[in-house]
Amino acid sequence: MISCLILGGGINGLLSALMLRQAGQEVSVLERNSTGRESSWAGAGILSLLPPWNYGPEVNALAKLGRALWPELAERLRLAGGVDPEYLRCGMLVLEPEHRELALNWCEQQGETVATPPASLARFRAPDSLWLPNVAQARNPRIMQALYVAASRAGVRIHEHTPATQLLIEGTRVIGVATPGGVLAADNVLVTAGAWSGGLLAPLEHAPDIAPVRGQIVLLKAEPGLLPCVIYRRGHYLVPRADGLILVGSTLEEVGFDRSTTARARTELLDFAYGVMPELRQAEIVTQWSGLRPGAPYNIPTIGRHPSLENLYVNSGHFRYGVTMAPAAAEILSHHMTGTATTVDVTPYAWRAR
Ligand SMILES: Cc1cc2nc3c(=O)[nH]c(=O)nc-3n(C[C@H](O)[C@H](O)[C@H](O)COP(=O)(O)OP(=O)(O)OC[C@H]3O[C@@H](n4cnc5c(N)ncnc54)[C@H](O)[C@@H]3O)c2cc1C
């Protein structure tokens with residue numbers, strides 16, 4: 001049986017692990033802390049680009065396939081482990097879209113439905129807003145719990161508190177991965193270390209350009225149902241959960257691996273939230289958090305095999321849309337590692353010589 005060692009237990013590591021395991025491989029995941037506690041926990045779980053017409057075809061192809069695969073994935077995860085990722089097609093109202101005509105043309109060409117907002121959104125009905133009823137969301141901490149259970153039950157071995165400290169290379173192969181407990185070996189090694197992937201691969205030739213980009217979110221508690229859909233306005237959003245929690249996001253900050261939260265971000269996010277929905281001033285501010293996105297140029301992840309090392313793979317750099325893209329990225333990775341079919345042109349994501 002082919003064995004694979006996966007470095008990093010976020011959504012891309014655990015979903016890749018599940019796919020490879022289901023393809024019959026022996027799979028182990030090394031996670032330096034606990035799985036699913038970094039960017040994959042911190043994200044807002046909007047299953048869409050923000051907004052899609054601002055991105056190139058490579059990014060949209062992954063997001064489109066990811067969105068198509070999410071409903072079945074969420075159901076599979078729920079059935080596999082009993083944890084519901086709370087996938088919900090709640091729709092997204094885009095307020096004050098820049099380049100509205102361009103956006104409408106894009107939606108028509110790409111098959112993204114634009115409709116008249118329902119009566120429940122009448123209070124937001126700015127004349128130029130765009131209602132995208134097919135945009136969905138899922139709840140990050142639940143996705144990660146569900147994935148952990150599904151992967152474990154499928155037979156993936158998950159080693160938490162086990163950092164990979166170095167890749168050991170001999171000739172054209174990775175012969176081992178150093179950890180504080182000793183060297184581990186496998187037929188193939190896959191790097192899914194999120195914002196840390198660039199650093200882990202930096203000692204090797206052709207390391208992909210992946211670096212942390214901090215995002216902060218403020219969490220409010222309101223009455224369930226107060227807000228029925230995602231609201232997006234020029235870089236900021238509100239995401240309502242079924243239990244009345246509302247995520248207010250997010251910032252984009254290049255501050256290295258600093259995961260602090262700041263008063264400035266809190267003010268920026270609350271000003272946006274109160275501007276869009278003044279009644280949120282009455283909502284309890286529950287907490288504020290930050291996460292480090294795996295930033296990559298043009299938001300294009302690297303998915304595939306190292307240009308010269310025959311058993312080293314990467315699935316990382318999904319930047320702002322790693323949850324949306326995860327099922328599509330895992331499908332492409334599986335195509336490279338097990339030969340399964342994919343409908344996506346995989347070339348834009350290939351690991352290129354630098
Ligand atoms: C504020 C915010 C909002 C977001 N909103 C959305 C959204 O609405 N929709 C969307 O699609 N995406 C969103 N994202 C982006 C999305 O969350 C990320 O793209 C995605 O989670 C990346 O997943 P990952 O598995 O690649 O990385 P991570 O989740 O960061 O996982 C990487 C894992 O690797 C581990 N690791 C690191 N180094 C090592 C090592 N040396 N050895 C072992 N383990 C290691 C880490 O501990 C971590 O657990 C958001 C992100 C943030 C921060």
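**Entry 1: helices α1 and α8**

I started with a crossing: α1 over α8 is right-handed. I am working from a predicted model. The two helices, α1 and α8, pack at an angle of about 40°, and their axes lie 9 Å apart. That angle makes α1 oblique to α8.

Next I listed who touches whom. From α1 come Ile-11, Asn-12, Leu-15, Ser-16, Met-19 and Leu-20. They meet a set of α8 residues that includes Gly-322, Val-323, Ala-326, Leu-333 and Met-337. I noted the classes as well: 11 nonpolar, 5 polar and no charged residues in the contact of α1 with α8.

**Entry 2: helices α3 and α8**

I then looked up a second partner of α8. Helix α3 covers residues 57-81. I read an angle of about 90° between α3 and α8, with the axes 7 Å apart. The bracket for "roughly perpendicular" is 65 to 115 degrees. So α3 is roughly perpendicular to α8.

On the α3 side I wrote down Leu-62, Ala-63, Leu-65, Gly-66, Arg-67, Leu-69, Trp-70 and Leu-73. On the α8 side I have Thr-324, Met-325, Ala-326, Pro-327, Ala-328 and Ala-329. The residues of this contact of α3 with α8 divide into 11 nonpolar, 2 polar and 1 charged.

I cross-checked the two α8 lists. Ala-326, Pro-327 and Ala-329 meet residues of α1, and Ala-326, Pro-327 and Ala-329 also meet residues of α3.

**Entry 3: the ligand shell**

Which residues are closest to the ligand? I found Gly-8, Gly-10, Gly-194, Gly-215 and Gly-322. In total, 43 residues surround the ligand.

I asked which elements give two or more residues to this shell. They are α1 (11-22), α2 (39-42), β12 (211-221), β16 (284-295) and α8 (322-338). Gly-322 turns up again here: it is listed among the α8 residues that meet α1.

I sorted the shell by class too. It has 17 nonpolar, 20 polar and 6 charged residues.

**Entry 4: the sheet of 7 strands**

I traced an open sheet of 7 strands. Its order is β5-β4-β13-β14-β15-β12-β16, and the pairing is mixed. The edge strands are β5 (130-132) and β16, each paired on one side only. The twist averages 20° from one strand to the next. Two of its strands, β12 and β16, are also on my list for the ligand shell.

I zoomed in on one end. Strand β4, residues 92-94, is joined to β5 by 3 bridges, and the two run antiparallel. What is the bridge partner of Val-94 in β5? I found Leu-130.

**Entry 5: the sheet of 3 strands**

I moved to another open sheet, with 3 strands in the order β8-β9-β10. The pairing is antiparallel. Its edge strands are β8 (166-170) and β10 (182-184), and each pairs on one side only. Here I noted an average twist of 35° from one strand to the next.

Strand β9 spans residues 173-179 and pairs with β10 over 3 bridges in the antiparallel sense. I looked up Thr-179: its bridge partner in β10 is Gly-182.

**Entry 6: a hairpin**

Last, I checked β17 and β18. Strand β17 (residues 302-305) and strand β18 (residues 312-316) run antiparallel and are joined by 4 bridges. Together β17 and β18 form a hairpin, with 6 residues between them. I marked one pair for the record: Ile-303 stands opposite Asn-315 in β18.

Technical notes:
Residues are numbered from 1 along each chain as its sequence is written. This is a predicted model: local features need pLDDT of at least 70, side-chain atom pairs count only at pLDDT 80 or more; totals for chains, interfaces and linings use all residues. A residue is near a molecule or strand if its C-beta atom, placed from the backbone, lies within 6 Å of it. Ala, Val, Leu, Ile, Met, Phe, Trp, Tyr, Cys and Pro count as nonpolar, Asp, Glu, Lys and Arg as charged, and the others, Gly among them, as polar. Two strands pair if DSSP finds at least two bridges between them. Axes are lines fitted to C-alpha atoms, for helices over the stretch in contact, and angles run from 0 to 180 degrees between N-to-C directions. Angles under 35 degrees count as roughly parallel, over 145 as roughly antiparallel, 65 to 115 as roughly perpendicular and the rest as oblique. Two residues are in contact if their C-beta atoms, placed from the backbone, lie within 7 Å. A crossing is left-handed if the near helix is turned anticlockwise from the far one by less than a right angle, and right-handed if clockwise.
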